[in-house]
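Please load the structure shown here in a viewer and keep the selection tool at hand. The stops below are meant to be followed in order.

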2 protein chains.
Amino acid sequence: MGDGGKGDGNLGGGDKAGGQQSLGKGGGKQADGQKGGGDGGKGGSQLGITPRATDYAAWYQDLVLKGELADYSPVRGCMVVRPYGWSLWERIRDIFDRFFKETGHQNAQFPLFIPMSFLAKEASHVEGFAKECAVVTHYRLKAGANGIEPDPESKLDEPLIVRPTSETIIGAMYAKWVQSWRDLPILINQWANVVRWEMRTRLFLRTTEFFWQEGHTAHETEQEAREETLKMIEVYRKVAEEYLAMPVLVGQKSAAERFAGAVETWCIEALMQDGKALQAGTSHFLGQNFAKAFEIEFAGRDGQRQNAWTTSWGVSTRLIGGLVMTHSDDKGLVMPPRLAPIQAVVIPIWRKDEEKAAVASYVDGFVAKLKAAGVRVHVDDREQFKPGYKFNDWELRGVPLRLEVGPRDVAAGKCVLARRDGGEKQIVDVAGLETRLPELLEQIQAALFAKAKAFRDASIHRARTYEELVKTLEEKGGFVLAPWDGDAAVEAKVKEECKATIRCIRAEDAGESAPAIGTGQPTTQWVLFAKAY
Amino acid sequence: MGDGGKGDGNLGGGDKAGGQQSLGKGGGKQADGQKGGGDGGKGGSQLGITPRATDYAAWYQDLVLKGELADYSPVRGCMVVRPYGWSLWERIRDIFDRFFKETGHQNAQFPLFIPMSFLAKEASHVEGFAKECAVVTHYRLKAGANGIEPDPESKLDEPLIVRPTSETIIGAMYAKWVQSWRDLPILINQWANVVRWEMRTRLFLRTTEFFWQEGHTAHETEQEAREETLKMIEVYRKVAEEYLAMPVLVGQKSAAERFAGAVETWCIEALMQDGKALQAGTSHFLGQNFAKAFEIEFAGRDGQRQNAWTTSWGVSTRLIGGLVMTHSDDKGLVMPPRLAPIQAVVIPIWRKDEEKAAVASYVDGFVAKLKAAGVRVHVDDREQFKPGYKFNDWELRGVPLRLEVGPRDVAAGKCVLARRDGGEKQIVDVAGLETRLPELLEQIQAALFAKAKAFRDASIHRARTYEELVKTLEEKGGFVLAPWDGDAAVEAKVKEECKATIRCIRAEDAGESAPAIGTGQPTTQWVLFAKAY
């Protein structure tokens, strides 16, 4: 299925702000020794984060690289997801996985490779993906004149495509497994890597290899397949809003923005802090298109052979990019508590050795209670870094709560509590922290969502004419609701002129009849335009 | 790292016993309608499982296909792991993952593609993998004379290899991340798919694409890296024996069987029911070989620049093949309770509608208690199948315990309890099942291990001469312990003559001095030969 739309791409982070796509030895390395240790207390900018207002793209890249979510690899367009970023993805994965299983789906695994002829079986599908396929043509290397080279004798009769999406190979398997209406529905998901050759990449948002889940279901009736499509876009909305704290608009894509091969594409669209939209997940009603192309046929209750109805739906590591650009600030990442790999970090502070032991034992006591209460807490007892450095470090990584504990706190039964999302530091009782922190984390979760939603809601504008649409997109950004009568030429013109696309069409936006932009024909359909990642 | 060894391969399951590597429409499909529904009670052979004694390879394939662990795909050598097989792999993954994290490792994700030149940087590494590489040479398709084809204008300057293992790409990243001794150790694991082009494949045991974890660590000192290598082979032993109930021998590989690029390769070796060994996991001490090739250098405590010491270690979906061939029988799979996706299946039995409701409510009552006690229990209330069919179906799938509940059981507060691993059916009280079943499951776990260990121990033979070795390998199979002085020519001769290899060299096998096979030189080194998968 389609995860990214066909937006205008971005200047690759690798082309600017010091990122490196290939590894010159020593290039991009820090000076030997402690990572800035000892120069703590100087605020986020000391960590070298470009302010949002100065250069939004550089800010984003700094957060991903310096927050150690991901790094550039020596392979063009492919990223390395570092442990902190991968633990975030594992948490996102586990949350979705739970909802997928609750809605009756099972995980499986299908081959990485797709025979080239399979792509061609569904006409619009191959058209959509042909220009971004990694193609395997040989299966052996040999020593040649200039070192090793693909062995010409190992050339494949039919090239294999590294999967850009798996409707075709999975369709072929479903055709094998489905005989009767009793074999339906098939409700399968896979967590996998996929490859789409991208010319302009940006960490998490658009990479040649990315990581996702793709659900593929086959049903006896059209209605069931349509219900499945909507059920899964609702799962996406729920996880995006309730876990990533990322408000989304739910609607349908226009024909031009649909997944290649779909009858309908539903999407969740988020809004980033720079006023650009991000497609964050899609669910496709595929009708019988793939069932016909791959002969997913069954004997129905009436004994007649017929084609199944299929769906597919996916979210990807792109969500991490959305998460970063929804909540973060000039000090670094801001993690919503429900997702944060570390929800609270404890920083013990001491000068003398006897203080160290007392602080450590005090910390051990309440940390054990926090862990028992299910709080993901980490004690940063690294001795090579000063407290101020550690404060900045964990702010950069977006940990929701920081607890500072010094010798005087031990005596008083207190600690200092700081929220990553702002507000004054507080001195609080350590007694009862195990009930106080889970509540506070939920408050922070709600506050992040409310803040993002207020920003998003304030960024939905209206335009009544083509000129007003263009002006609003240029001057205000955000989503612009405009009357559109379905004319594809007008849609294409907007894209050409201001690089904005129809992000989604929602039933609830229909209303007042107005002359459609571009054509002047009366329409009650109002649709959301935006520039997008 | 090396998961498979360079054994003699196998006739692909796809070449025999009805398996299909490509999907002719309709081929391999079952007759329309219920899957044998209604003809229950006829034993495993009614499900079409070839007896072990008749054809071991066909028996294995029947279990994997009919047990719905995996299926052939239309892509040569690549398998589809079906939901039941994938849930088993997810359980294996989660168990290993817990132990990896307990030993200080973090997960990350590195690119699928490796630049061809990277493989060439470590001389023995490229030699080991060049003959089984899937090579990406183009990044776009276009319409040609005969349909679509790779666009010649999209040819890559440097081909990319689909990772057969990731020491090279990860080495390049570690070189970027490591500056000082303070940056060490790096302890990272990834769960990933890998590709090694295989001419002869067998589901799970040897496939072109397979799924695994690969740990890659970098250390300040040789000793630390050696300790890591042994620590991880011990994790592998522990999970294999305590969770898969699969007894293994732990030892080192000979130079000829080592991973391409390793200084030492440690392995766990299991024994299958046909007397062939299975390499089930390996842990490699890589010395400074990859650190030199990829310039993983750091400033040491003495200020001098030096190379790191690295390790790598992996287990794969091959373990599922080992699991199947360790415990299963002619009725189907046998799942060790600690791994079984379903530990107990409940089959309600009734004739009249009023009985149905009473049985269902009775079942709900004790199933809720079993779930609360952590038992993975499933109620098979499918109405289209008769009880006898269900009994066979769950025996085929290897569920450790079956509970049959009829109207008379409801009245008596009883149920019928059947163990998949043999023994009489028992009538037991339903009261207290939630304490009885967890104990019984642990007993079954222990019994499966004991049985497999007794078989394995009885299959270790001794040979004092070359002739005796060959004769024992041919007539008895299993492991044969023989004196070997390290002569590679003798090792090669054994491989040539009886397709057997040195499976592992264990310190505890050293002992009595004897003339080495082949050379007659006195040696105290006794090593384990076997034919292997």
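The tour goes through the contact between the chains, the strands, one helix residue and some backbone features of this predicted model.

**Stop 1: the contact between the chains**

Begin by colouring chain A and chain B separately. The contact involves 66 residues of chain B and 66 residues of chain A. On the chain B side, select α5(B), which gives the most to the surface touching chain A, with 5 residues. The residues on this side of chain B divide into 38 nonpolar, 15 polar and 13 charged.

**Stop 2: a sheet with strands from both chains**

Next, select residues 135–138 in chain A and in chain B; each stretch is a strand β5, and the two run antiparallel, joined by 3 bridges. Across this pairing, A:V135 stands opposite B:H138.

Now extend the selection outwards on both sides. What is the order of the strands in the open sheet? Its 6 strands follow one another as β4(A)-β8(A)-β5(A)-β5(B)-β8(B)-β4(B), with antiparallel pairing. At the edges are β4 (113–115) of chain A and β4 (113–115) of chain B, each of which pairs on one side only. On average, and with direction ignored, neighbouring strands of this sheet are turned by 45° against each other.

Stay at the chain A edge and select β4(A) with residues 155–162 of chain A, which form strand β8. These two strands are antiparallel and are joined by 3 bridges. A:P115 and A:L160 of β8(A) stand opposite each other here.

**Stop 3: a hairpin in chain B**

Move to chain B and select residues 141–144 and 147–150. The former are strand β6 and the latter strand β7, and they pair in the antiparallel sense over 4 bridges. The hairpin connection from β6(B) to β7(B) consists of 2 residues. Within the pair, look for B:A143, which is placed opposite B:I148 in β7(B).

**Stop 4: a helix residue in chain A**

Select helix α1 of chain A, residues 56–66, and within that helix pick A:D62. Is A:D62 buried or exposed? A:D62 is buried, because 24 other C-beta atoms lie within 10 Å. Apart from its neighbours within four places in sequence, its contacts include A:G48, A:I49 and A:T50. For a distance to display, take the C-alpha atoms of A:D62 and A:P51: they are 9.6 Å apart in space, and the residues are 11 apart in sequence.

**Stop 5: cis peptide bonds**

The remaining stops concern the backbone. Most residues other than glycine have a negative phi, and most peptide bonds are trans.

In chain A, select the loop between α5 (167–177) and β9 (186–195), where A:P185 is located. The peptide bond between A:L184 and A:P185 is cis, with omega about 0°. Then turn to chain B, where B:P185 lies in the loop between α5 (167–177) and β9 (186–195). B:L184 and B:P185 are also joined by a cis peptide bond, with omega about -5°.

**Stop 6: positive phi outside glycine**

Finally, select A:E295, in the loop between α7 (289–293) and β14 (297–299) of chain A. Its phi is near 55°, a positive value in a residue that is not glycine. A:E295 counts as partly exposed because it has 18 C-beta neighbours inside 10 Å.

In chain B, B:E295 lies in the loop between α7 (289–293) and β14 (297–299). B:E295 is not a glycine, yet its phi is positive, at about 55°. With 18 other C-beta atoms within 10 Å, B:E295 is partly exposed.

Methods. Residues numbered from 1 in each chain as written. Chains lettered and ligands numbered in written order. Predicted model: local features only at pLDDT ≥ 70, side-chain atom pairs only at ≥ 80, totals over all residues. Buried ≥ 20, exposed ≤ 12 C-beta atoms within 10 Å, placed from the backbone. Pairing = 2+ DSSP bridges. Contact = placed C-beta atoms within 7 Å. Nonpolar A, V, L, I, M, F, W, Y, C, P; charged D, E, K, R; others polar. Axes fitted to C-alpha atoms, helices over the stretch in contact; angles between N-to-C directions.
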